[in-house]
Amino acid sequence: MRRLILLGAPGAGKGTQAQLLEKLYLIPQISTGDILRTAKQACTPLGLAAKPYMDKGLLVPDELIIGLIRERLQQEDMHQGWILDGFPRTTVQAEALDSLLNEIQQDLEGVILIDVPEAVLFDRLVGRRTCPLCKKVVHIAFNPPSPDCANPECPKQWLQREDDKPEVVPTRLQRYRAETEPLIGYYQAQGKLHTLNGDQSPDTVQKQLIALMDPPV
Ligand code: AMP
């Protein structure tokens with residue numbers, strides 16, 4: 001499997017797993033959340049349009065995201081495959097992806113749902129911190145940052161995302177349930193859905209993901 005979607009709630013571990021797969025298989029991770037955060041920091045028109053939604057934990061309007069994916073999927077580095085992380089998040093986005101893939105004659109090979117109980121997600125999100133330089137993600141309780149980061153330039157400054165604050169997280173989880181969870185049925189109906197238990201160590205989840213990517217012949 002080289003053209004896939006990682007599906008799951010905020011905090012399920014999609015980003016962590018997508019980064020590991022990207023290194024292992026040399027296929028790009030497309031994280032719409034990362035693209036939007038970079039655009040927001042740089043105050044581009046996309047970033048400025050997305051900011052009010054992101055800060056409140058709401059989904060950015062479909063047309064902004066679909067335009068962004070349409071452009072990204074047609075870039076040169078996408079030919080060997082891609083890992084979509086955080087897209088699609090609504091049925092409208094999933095339908096737009098189907099028709100775009102049809103148009104550019106590419107196949108979605110599988111959708112992997114990383115399933116984590118809702119009670120676990122809140123604690124994962126509010127404790128999450130990111131290095132602004134290397135983008136490494138840690139958790140203040142479950143995976144505390146090591147003082148000896150290999151990068152000599154590391155500012156050792158672990159930042160909390162605005163939308164990981166405890167007052168915003170419930171809205172994000174609620175939007176996931178209302179708008180993104182229906183995609184489980186959407187991809188099940190297409191026969192493309194695989195489900196992994198995400199309430200395990202990142203290493204264990206990674207091994208199970210690799211087994212799905214490279215099934216025994
Ligand atoms: P993430 O890093 O994937 O949790 O995304 C952070 C935020 O970016 C989300 O809470 C949304 O506001 C926005 N976002 C990212 N991907 C999408 C998407 N596919 N559709 C709508 N909004 C998105």
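## Helix α4 and its surroundings

In this predicted model, the buried residues of helix α4 pack against a set of five elements, namely the strands β2 (29-31) and β3 (82-85) and the helices α2 (32-41), α3 (45-56) and α5 (91-103). The residues of α4 that are buried are D62, I65, L68, I69, R72 and L73. Around the helix axis they cover an arc of only 135°, which puts them on the same side of α4. On the other side of this helix, E63 and E71 are exposed.

The length of α4 can be checked against what a helix of 12 residues should give. At 1.5 Å a residue, α4 (residues 62-73) should span 16 Å, and the C-alpha atoms at its ends are indeed 16 Å apart, so the expected and the computed values agree.

## Helix α5

The same check can be made for α5, where 13 residues at 1.5 Å a residue should span 18 Å; the end C-alpha atoms of α5 are 18 Å apart, which agrees. Within this helix, Q93, A94, L97, L100 and L101 are buried. These residues cover an arc of only 125° around the axis, which puts them on the same side of α5.

The cover over the buried residues of α5 includes the strands β1 (3-7) and β3, together with the helices α4 and α8 (182-189). After α5 comes Q105, a residue whose phi is positive, near 55°.

## The ligand and its shell

The ligand is surrounded by 16 residues, of which the closest are T32, R37, L58, G86 and Q93. Q93 is also one of the buried residues of α5, while the element that gives the most to the shell is α2, with 4 residues.

Three polar pairs between ligand and protein can be described in atomic terms. A polar backbone atom of L58 is 2.6 Å from an oxygen atom of the ligand, and a nitrogen atom of the ligand lies 3.0 Å from an N or O atom in the side chain of R89. In addition, an oxygen atom of the ligand is 3.2 Å from a polar side-chain atom of R172. Taken on its own, the ligand has 480 Å² of accessible area, and the protein covers 96% of this.

## D164 and P166 in the loop between β6 and α7

The loop between β6 (137-139) and α7 (169-180) holds P166, and D164 lies in this loop as well. D164 has a relative accessibility of 0% and therefore counts as buried, since the cut-off for that class is under 20%. P166, by contrast, is partly exposed, with a relative accessible area of 43%.

When residues up to four places away in sequence are set aside, D164 touches L125, V126, R128, V169 and R172. With one of these, R128, the contact is polar and runs from side chain to side chain, at 2.9 Å. Another of the residues that D164 touches is R172, which also places a polar side-chain atom 3.2 Å from a ligand oxygen.

On the same basis, P166 touches F122 and V126, and V126 is among the residues that D164 touches too. Farther along the chain, P166 and D203 are 37 residues apart, and their C-alpha atoms are separated by 27 Å.

How values were computed. Residues numbered from 1 in each chain as written. Predicted model: local features only at pLDDT ≥ 70, side-chain atom pairs only at ≥ 80, totals over all residues. Heavy atoms only, no water. Helix = DSSP H or I, 4+ residues; strand = E, 2+ residues; numbered from the N terminus. Expected span 1.5 Å × (residues − 1). Buried < 20%, exposed > 50% of the residue type's maximum accessible area, 1.4 Å probe, protein only. Arc of directions from axis to C-beta. Contact = heavy atoms within 4.5 Å. Near = heavy atom within 4 Å. Polar contact = N/O pair within 3.5 Å; in protein donor to acceptor, adjacent residues only side chain to side chain. Areas by Shrake-Rupley, 256 points an atom, 1.4 Å probe, with all protein chains shown as cover.
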